[in-house]
Amino acid sequence: MTIAPEFSRPIPIDTIGAGAVEHEITASPDECAALAKRFGLRAIARLAARAEVRREGSQIFADGTVQAEVTQSCVVTDEPIAHSVSENFSLRFVPEDAPKDEEEIELSADECETLNYAGGAIDLGEAAAETVALTLDPFPRGPNADDALRNAGVISEEEAGPFGALKGLRDQLAAKKD
C-alpha cells in the first residue's frame, strides 16, 4: 500500500510534450504542516516551486527552483532556527519498469537527479518537497548551542584533540603551582 504524499501535484504524462512547459506549484498551509511533521521540522511557512517540464521518449525532465521558509529546532537547545531555501534543481523522471539500457544516459552526477515514476503521471510536488528536505542541515545548531554544550561539560573538537590534552595538562600543572 502506497501512502499519498502530503504535497502532491501530479502532471499527467500524456500532457507533457517535447517543448518545455512551465509549471508553478504552491503548498497550502495544511500541506506545509503535514510536510513539517514528516520531515521533523517545527514548521514550513511557505513552499513553492517553478519548473520547466519536457518529455523525451519515456523520460520526463524538470528544471526549476524550489523556495521555502522553514523552522528547524537546534539539536542542542531546541531553540527555533529559521531557514530560507532557494534551490535550483534538475530532475529526470524515468518509468519504474524501464529496462536498464533505456534508463542509462550520458549525464554527469551534478546535472540531474533521477526519480522513478509509476502510472501515468510524475509528481512535481513530492519532488519539490524532497528537494527542500535534502537541502536542510540534519544537525542544525542555534547561536546558543556552543555555550549550552560548554555549560554541560561537553568539550569542543579542538579541546579533544592532542593539543587540547596538552593544554589541559598545562592548566593542571599551573593549578598545582598556585
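Strands β4 and β5 (residues 80–95) run antiparallel to each other and are joined by 14 bridges. One of the pairs along this ladder sets aspartate 63 opposite serine 90 in β5. The model is a predicted one, and this pair of strands is a convenient place from which to walk outwards through it.

On the other flank of β4 (residues 59–73) is β3, again in the antiparallel sense, this time over 13 bridges. The two strands form a hairpin with two residues between them, and glycine 57 in that hairpin has a positive phi near 65°. Glutamate 56 has glutamine 59 of β4 as its bridge partner. Moving one strand further, β3 (residues 43–56) pairs with β2 (residues 21–26), antiparallel over six bridges. Here glutamate 24 stands opposite arginine 50 of β3.

Put together, these strands belong to an open sheet of five, ordered β2-β3-β4-β5-β6, in which the pairing is mixed. Because β2 and β6 (113–117) each have a single partner strand, they form the edges, and one side of each has no neighbour in the sheet. From one strand to the next, the twist averages 25°. Strands of a sheet pair through backbone hydrogen bonds, either parallel or antiparallel.

Two helices can be placed against this sheet. Helix α1 (residues 29–39) packs on the sheet and touches β2 and β3, with its direction at about 95° to that of β3. Helix α3 (residues 124–135) lies across β2, β3, β4, β5 and β6, and runs at about 130° to β5.

Within helix α3 is glutamate 126. Is this residue buried or exposed? Its relative accessible area is 13%, so glutamate 126 counts as buried, the cut-off for that class being under 20%. Leaving aside residues up to four places away in sequence, glutamate 126 touches Pro5, Phe7 and Arg38.

Glutamate 126 also appears in the lining of the second largest pocket, together with residues including Phe93, Leu115, Tyr117, Ile122 and Glu130. This pocket has a volume of about 220 Å³. Strand β6, strand β7 (121–123) and helix α3 each contribute at least two residues to its lining.

A second glutamate, number 69, is found in strand β4. Glutamate 69 has a relative accessibility of 30%, which means that it counts as partly exposed. Apart from residues up to four places away in sequence, it touches Ala43, Ile44, Ala45, Arg46, His83 and Ser84. Glutamate 69 and leucine 47 are 22 residues apart in sequence, with their C-alpha atoms 6.8 Å apart in space.

For the protein chain as a whole, there are six helices and seven strands. Along the sequence they follow the pattern β-β-α-β-β-β-α-β-β-α-α-α-α. The chain has 178 residues, of which 33% count as buried. Among contacts between residues at least 6 apart in sequence, 61% join residues at least 24 apart. The chain exposes about 11400 Å², and carbon and sulfur atoms supply 52% of that area.

Note on methods: Residues numbered from 1 in each chain as written. Predicted model: local features only at pLDDT ≥ 70, side-chain atom pairs only at ≥ 80, totals over all residues. Heavy atoms only, no water. Pairing = 2+ DSSP bridges. Helix = DSSP H or I, 4+ residues; strand = E, 2+ residues; numbered from the N terminus. Buried < 20%, exposed > 50% of the residue type's maximum accessible area, 1.4 Å probe, protein only. Contact = heavy atoms within 4.5 Å. Areas by Shrake-Rupley, 256 points an atom, 1.4 Å probe, with all protein chains shown as cover. Axes fitted to C-alpha atoms, helices over the stretch in contact; angles between N-to-C directions. 1 Å grid on protein atoms, 1.4 Å probe; cavity = no way out; pocket = protein on both sides within 12 Å on 5 of 7 lines; lining within 4 Å. Points joined across faces, edges and corners; volume = space filled by probe spheres on them.
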